[in-house]
Amino acid sequence: MAVINFGSINVDHVYQVEHFVHPGETLASTHYQCLLGGKGANQSIALAKAGADVRHVGRINESDANFKQIMIKHNINCKFVACTESPSGHAIIQVTPSGENAIVLFGGANHEITAKDVMAALDDVKSNDWVLTQNETSAIDEVLKQAKEKGLKVAFNPAPMTESVKQLPVDCIDLLIVNEVEAQEISGHSDIDSMEQYFRTHWSHSEIIITLGKAGVCMLKKDRRIEVDAFVVDAVDTTAAGDTFIGFFLSAYSQHTDAKSALTRACAASALAVTQVGAAQSIPDEEQVNRFLAKHHS
């Protein structure tokens with residue numbers, strides 16, 4: 001059972017700042033790091049740390065091949081991560097003392113994935129494999145269509161949310177994972193009850209997970225509504241919280257863990273992630289999550 005993740009690989013330039021830079025202002029940063037990031041890579045690392053067999057499909061500039069090595073060290077199968085001459089996708093991230101972030105993103109090589117790449121990566125899949133994708137790469141429509149043709153389960157995280165998401169073949173999606181803002185943009189509603197009503201009417205073919213930050217998470221599964229509370233922790237950096245949640249949820253759920261237990265594990269993992277600075281390096285491993293859950297359930 002594998003998860004094939006068609007996902008972005010970004011080089012994150014992270015600057016700690018007193019406040020977000022204003023127009024015309026030159027602001028000194030108190031700290032700088034250059035890190036592996038991108039929603040795709042983060043979700044693959046979270047999946048691997050949660051114990052899943054994960055294959056990543058993506059593109060990166062050949063001069064950044066060390067970032068591919070980092071992924072391989074995390075036990076991610078990178079056979080379909082190709083090196084290219086285009087600049088790698090990258091992000092300029094400002095982080096304030098309260099843990100808020102502001103991000104400028106450049107897609108770069110992430111937008112070079114083609115229908116042919118999708119076909120090659122899905123060539124030897126098994127019927128119980130899952131496909132995961134986000135909204136930071138090209139060929140998402142092809143990923144959804146080809147995965148469905150092969151009878152695979154498809155999880156989609158439409159982040160960052162854009163109008164193009166509404167043009168995708170959404171009937172190919174088995175599991176939609178959104179935060180509150182993304183749920184609002186897809187549904188056109190701002191209160192949770194109306195959002196849920198919208199998804200039940202227009203996305204009845206799919207299971208829906210809406211993450212609600214400090215309010216926890218809810219999942220619409222057939223005619224059920226499953227709720228799990230968030231764990232209370234002191235957050236220092238929320239950068240990869242959503243990616244951590246997705247990786248840990250999908251790892252458990254794809255291995256037939258019941259939905260509520262999978263949601264609880266995912267909430268625990270993302271709670272641990274926000275207590276650490278950074279994206280990929282803030283993602284906990286299975287053992288840390290087990291310890292955290294044991295402590296909170298005792």
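This section describes the nonpolar cores of a predicted model and two residues of its annotated binding site.

The largest nonpolar core comprises 50 residues, among which L175, I209, M219, F245, F249 and L263 touch the most other members. Helix 8, spanning residues 259-273, is the main contributor to this core, supplying nine residues. When neighbours within four places in sequence are left aside, the contacts of I209 are L175, L176, I177, V178, V217, C218, M219, F245, F249 and L263. A second core, separate from the largest, is formed by 34 residues, including V57, V125, C172 and I173.

An unreviewed UniProt entry lists N10, V11, D12, G38, K39, G40, A41, N42, E136 and D243 under "binding site". From this set, D12 takes part in the lining of the largest cavity.

Two of the listed positions, G38 and K39, were examined individually. G38 lies in the loop that links strand 3 (31-37) to helix 1 (39-49). The relative accessible area of G38 is 7%, which is under 20%, so this residue is classed as buried. Apart from residues up to four places away in sequence, G38 touches S8, N10, D12 and E136; of these contacts, N10, D12 and E136 also appear in the UniProt list.

K39 belongs to helix 1. With a relative accessible area of 24%, K39 falls between the 20% and 50% limits and is therefore partly exposed. Beyond its neighbours within four places in sequence, K39 is in contact with S8, Q134, E136, N157, A159, P160 and D243. Among these partners, E136 and D243 are likewise listed for the binding site in the UniProt record. Contacts with S8 and E136 occur for G38 and also for K39.

Note on methods. Residues are numbered from 1 along each chain as its sequence is written. This is a predicted model: local features need pLDDT of at least 70, side-chain atom pairs count only at pLDDT 80 or more; totals for chains, interfaces and linings use all residues. Side-chain values use heavy atoms; hydrogens and water are left out. A nonpolar core is a set of buried Ala, Val, Leu, Ile, Met, Phe, Trp, Tyr and Cys residues joined through side-chain atoms within 4.5 Å. Buried means under 20% relative accessible area, exposed over 50%, partly exposed in between (1.4 Å probe, protein chains only). Helices (H or I, at least four residues) and strands (E, at least two) are DSSP runs, numbered from the N terminus. Contact means heavy atoms within 4.5 Å. UniProt positions are given in the numbering used here, feature names are shortened, and annotations may be inferred rather than shown by experiment. On a 1 Å grid over the protein atoms alone, a cavity is a set of points where a 1.4 Å probe fits but cannot get out, and a pocket is an open set with protein on both sides within 12 Å along at least five of seven lines; lining residues have an atom within 4 Å of a point.
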